[in-house]
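Welcome, and take a moment to look over the model below. We will walk through it together, beginning with one ring and working outwards.

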Amino acid sequence: MREARRVVITGIGTINPIGNNVEEYFTNLENGVSGAAEITLFDATNFKSRIACEVKNYDWSQYFERKEVRKYDRFCQFALVAATEAVEDAKFDFDNLDKERAGVVWSSGIGGIQSFHDEVMGWAEGDGIPRFSPFFVPHLITDIVAGHISIKYGLMGPNYSVTSACASSNHAMIDALNLIRWGKADVIVTGGSEAPITIASVGGFSSMHALSTRNDDPQHASRPFDIDRDGFVIAEGAGALVFEEYEHAKARGAKIYCEVVGGGMSADAHHMTAPHPEGKGAIISMREALNDAELKIEDIDYLNTHGTSTPLGDIAELTAVKALFGDHAYKMNISSTKSMTGHLLGATAAIEALACVMAVTRDIVPPTINVETVDPQIDEKLNLTIGKAQKREVKCAMSNTFGFGGHNSTVIFRKL
């Protein structure tokens, strides 16, 4: 049986509510900057939740020609911005890259929901004659991003999308990891993008009581682990990572950030939207990631939690952490970067993977901000990295993401 090949990260890129590129993102992560504010993308006056984490100062004309941008929904624009930064960071010699062994595995939870809204409203408000854009379907479908990235760079290897709600990007990265391990590709561009700050998305999540209604204080609305948390803050953006086979990267003299060593997946098999109260699915996902990476619980220095700031989710996840890690749970750093970025749904794992890359490459653990009073159901001895980033050696970082439907996914990153 073929020995599994090692996989490393050689390029990273992002556009998200606290950074329009990687360096800006890392700086604001370290400094505990909130990306939340009142919604500007539509008139949210009559909505229960009127706040979001929008990408700041985004001007599509800085990245695309007018004729080109017509082909892309906002979620696809974000993906191409992040992927371009990551691929340029990887510094490939495209004349010598075997493009048949380079692919794209992308993710989005919702896809082009704004385009769907615009087209359907145009039909409903029109004269009854169907005048739909020829770009309507390509705008909608989540897999179109993988197609556009492959077209831009001529990548002819594995190419598809993964959708599993808020667990999507981790699932995409696990697929990318395994495709390279199994010898199906040498390079995979992976990650996720989302543009869900729309009338339909905000209205739908509000009706589920999933969103924070701290409308008078948006910057403090995303408050994982706090007794007064009341839901997540919806967010938009993208994160991209170039996964590459280790020897392939070494042979071309690539800069290597860290190694991707394992992934775990599971289902809660419990409820459509609520997590298992004992975190059983989360335990399985984290345990399987450790087994896949051939690591012990003591090897994990930092855990980037799903930590959405929902009453049920935060408790269930930390219950699972304590059950799996035992006494080591008190020795590692734990944080939720969603306290700063908000919740990017299908793209959230991608930007949280980047937070883990920061931790293992710079030995800086990003903080959990906005925690004033820890929920008494949470063990106060856990190091939730409250308020300020912490310096410590991070050899291994674990990232959790969980999605509606009971989907759980976990990825582990290791310092080289």
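Let us start with phenylalanine 78, which counts as buried because its relative accessibility is 0%, under the 20% cut-off for that word. Please keep in mind along the way that this is a predicted model. Which ring does phenylalanine 78 pair with? Its partner is tyrosine 58, and the two meet edge-to-face, with 5.1 Å from centre to centre and 65° between the planes. Tyrosine 58 is buried too, at a relative accessible area of 16%.

Where do these two rings sit along the chain? Tyrosine 58 belongs to the loop between strand 3 (51–52) and helix 2 (66–69), while phenylalanine 78 is part of helix 3 (residues 74–90), so their pairing ties together parts that lie 20 residues apart in sequence. Both rings also belong to one aromatic cluster, formed by Tyr58, Tyr63, Phe64, Tyr72 and Phe78. Across the whole structure, a search finds 13 aromatic pairs.

Some rings have a charged neighbour instead. Arginine 6 lies over the face of tyrosine 246, at 4.4 Å from the ring centre. Likewise, lysine 381 lies over the face of tyrosine 330, where the distance to the ring centre is 5.1 Å.

Now let us turn to the nonpolar interior. The largest nonpolar core has 51 residues, and those touching the most other members are Ile9, Ile12, Leu241 and Phe243. Several elements give two or more residues to this core, among them strand 1 (7–15), helix 1 (22–31), strand 7 (237–245), strand 8 (258–267) and strand 14 (407–414). Which element gives the most? That is helix 13, with 10 residues.

Isoleucine 12 is a good place to look around. Leaving aside residues up to four places away in sequence, isoleucine 12 touches Val22, Phe26, Glu85, Ala86, Asp89, Ala240, Leu241, Tyr257, Leu354 and Val357. Apart from this core lies another one, of 34 residues, including Ala90, Val145, Ile149 and Val189.

Finally, follow strand 8, one of the contributors to the largest core. Strand 8 is mostly covered, with 8 of its 10 residues buried. It pairs with strand 1 in the antiparallel sense over 3 bridges, and here valine 7 stands opposite valine 260 of strand 8. Strand 8 also pairs with strand 14, again in the antiparallel sense, over 8 bridges. In that pairing you can find glycine 263 opposite valine 411 of strand 14.

Conventions:
Residues numbered from 1 in each chain as written. Predicted model: local features only at pLDDT ≥ 70, side-chain atom pairs only at ≥ 80, totals over all residues. Heavy atoms only, no water. Core = buried A, V, L, I, M, F, W, Y, C linked by side-chain atoms within 4.5 Å. Buried < 20%, exposed > 50% of the residue type's maximum accessible area, 1.4 Å probe, protein only. Helix = DSSP H or I, 4+ residues; strand = E, 2+ residues; numbered from the N terminus. Contact = heavy atoms within 4.5 Å. Pairing = 2+ DSSP bridges. Phe/Tyr/Trp six-rings, centres within 6.5 Å; stacked < 30°, edge-to-face > 60°. Lys NZ or Arg CZ within 6 Å of the ring centre and 35° of its normal.
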